[in-house]
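I kept these notes while going through one model, entry by entry. Each entry records what I looked up and what I found.

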Amino acid sequence: MYRYDEFDHALVQDRVKQFSGQVARRLAGEITEDEFKPLRLMNGVYLQLHAYMLRVAVPYGMVSSRQMRMLAHIARKYDKGYGHFTTRQNIQYNWPALKDIPAILDDLASVEMHALQTSGNCIRNVTSDQFAGAASDEVEDPRIWSEIIRQWSTLHPEFSYLPRKFKFAVTGSPKDRAAIRVHDIGIEVVTGDDGRAAFDVYVGGGQGRTPMVGKLIGKSISQENLLTYLEAVMRVYNMHGRRDHLFKSRIKILVHTIGADEMRRQVEEEFAAMEKDGPVVLPQAEIDRISAYFAAPAYEKLEDGPAELEAAKKENSSFARWVKQNVAAHKVPGYAIANISLKPIGGVAGDATAEQMDVVADLAETYSFDEVRVTHEQNLVLAHVAQKDLYTVWQQLEANGMATPNLGLITDQIVCPGLDYCALANARSIPIGQAIAQKFEDLDRQHDIGELKIKISGCINACGHHHVGHIGILGVDKKGTEFYQISLGGSSDENTSLGDIVGPAFTEDKIVGAVENIVETYLGERQNGERFLDTYRRIGIKPFKEKLYAAD
């Protein structure tokens, strides 16, 4: 994985010192909260309902064991013993004291981590495929390009005060596990005409108040021109993006307003001008330098399906179920990708205790070449586990409440913090997710239902990605009462779609029953083992709507 150079170290340490002074002035009453707000946001500090919250960057979702242990230490020393992994592959601490945040940032800097650009109107943490470097369908490792984009965008002088926050995602596979089409800029690594890796660039995706699917603006952009092209997109947005209207400030609104063809024309015009005047060309030597950080680990020569794995599956049905649901194929024979669900029944989606983080760090160090991945669906991944070691890994996960075999099932939900924490929320999300999970806790029933992704947001900002849930749930406030609006048919993969709202919202005491009604309707309509999404796309919303509101 990438290691800081002298410039990285100096930059992060300087920022820690600067923010320490800003915090001291705030605590001394020398600046007001309004004056402090833009300063803290540039360092990942929010003011939520009950306390300050610190969001720590995890670039493209990758941490080492040493870094994970530091995250555990921070949770234990400065918070309430846990952290919350987010849909931007970051981690949030919900209860740090303001006076302690400089010390936290200093601790993070000691393991090459920071909180820069995790908030504010700038380019946020670059996210990527959690299976990067291990996926068998990969054109090229997307972490290379994610890191290059991260370095280019960090404190970029032209893009540090954008009209609105800006989000990148990169996938190296045709199977999109990074939700690139619902990002401001989504990048797919493809094979160019010359046989080298190139890039399709999608622009104008996003969720929130006005959800949209990104448009293909740049086709097969070359490696040396990637940053030039991205800079051209950013310049067009920075020039035309609206700063006078919060709800119309995202690049998706610009693309929608002028149209994809006009956006493409303006970007190409800017790109051509930059090429002529001196492009931000990526030298091959720099590509090679970054690529070297992501060289393949020293894999052993192993056989697929070793005898010890097959014997353990036969002897332990719980382990066999976990392997079937949570373990994915690896591109190297004899290895596997082990997904760690952070969605135990009754738990809070994405939360991990300090002790659990330490367990994951130990497992990564011993069994996965010292790497941990954070997914945008709020889970963790050990990307390079020898198949012969899977049973040992599972035993340790099981002993620490982290072996729930529900990846991609109805209880593996994305859930935002909602009104339990967030000052912007209209309704609670966490209790709704917990209630749904408890309703469907029977594993046999979950596996019979099959792949079904529920995503829950506590407000229209859509931090829970409800627009692209197979079942999306949005909390709304109606005269002081929490209601929950349901949408169906969303997806964030390579066939991205936005969910359709079924009708009037449900009260808190009715929402779990409504979800069960939807599931039973699906089970009654599915054919030949179809997934929920397949059935929905075949029969449409009408049967679900009729069943949901039949009693009305």
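Entry 1, strand 2. I looked up the burial of strand 2 (residues 52-56) in this predicted model. I found 5 of its 5 residues buried, so strand 2 is largely enclosed by the rest of the structure. I then split strand 2 by face: Tyr52, Leu54 and Val56 lie on one side, Met53 and Arg55 lie on the other, and all of them are buried. Both faces of strand 2 are therefore covered, given that buried means under 20% relative accessible area.

Entry 2, partners of strand 2. I looked up the pairing next. Strand 1 (residues 45-47) runs antiparallel to strand 2, with 3 bridges between them. A hairpin of 4 residues makes the connection from strand 1 to strand 2. I noted one bridge pair here, leucine 47 with tyrosine 52 of strand 2. Tyrosine 52 is also one of the buried residues from the first entry. Strand 2 pairs with strand 5 (residues 91-93) as well, again in the antiparallel sense and over 3 bridges. In that pairing, arginine 55 has glutamine 92 of strand 5 as its bridge partner. I wrote down that Arg55 is buried too.

Entry 3, an open sheet. Which strands make up the open sheet, and in what order? I read 5 strands in the order 6-7-8-9-10, with mixed pairing. Strand 6 (127-128) and strand 10 (215-221) are at the edges; each has a single partner strand, so one side of each is left without a neighbour in the sheet. Further in, I checked strand 8 (residues 185-191) against strand 9 (residues 197-203) and found them antiparallel, joined by 7 bridges. Isoleucine 187 has valine 201 of strand 9 opposite it.

Entry 4, serine 457. Is serine 457 buried or exposed? I found it buried, at a relative accessible area of 0%. Serine 457 belongs to strand 17 (residues 454-457). I listed its contacts, leaving out neighbours within four places in sequence: Cys416, Ser429, Ala462, Cys463, Gly464, His465, His466, Ile473, Leu474 and Gly475.

Entry 5, isoleucine 511. I took a helix position next: isoleucine 511 sits in helix 16 (residues 508-525). Isoleucine 511 has a relative accessible area of 0% and is buried. With neighbours within four places in sequence set aside, it is in contact with Ile432, Ile473, Tyr484, Ile486 and Phe506. Ile473 also appears among the contacts of serine 457. I looked up one distance as well: the C-alpha atoms of isoleucine 511 and leucine 443 are 21 Å apart, and the two residues are separated by 68 residues along the chain.

Entry 6, the whole chain. I counted 18 helices and 21 strands in the protein chain. Its radius of gyration is 23 Å, close to the 24 Å from the globule rule for 552 residues, so the chain is as compact as a globular protein of that length. The C-alpha trace spans about 60 × 60 × 60 Å along its principal axes. Of the 552 residues, 59% are buried. For contacts with a separation of 6 or more, I found that 67% join residues 24 or more positions apart.

Entry 7, surface and charge. The protein chain exposes about 21,500 Å², and carbon and sulfur atoms supply 49% of that area. I counted 62 positive and 75 negative side chains, with the centres of the two sets 5 Å apart.

Notes. Residues numbered from 1 in each chain as written. Predicted model: local features only at pLDDT ≥ 70, side-chain atom pairs only at ≥ 80, totals over all residues. Heavy atoms only, no water. Rg over C-alpha atoms; globule rule 2.2 N^0.38 Å. Buried < 20%, exposed > 50% of the residue type's maximum accessible area, 1.4 Å probe, protein only. Contact = heavy atoms within 4.5 Å. Areas by Shrake-Rupley, 256 points an atom, 1.4 Å probe, with all protein chains shown as cover. Lys, Arg positive; Asp, Glu negative; His and termini not counted. Charge placed at Lys NZ, Arg CZ, Asp CG, Glu CD. Pairing = 2+ DSSP bridges.
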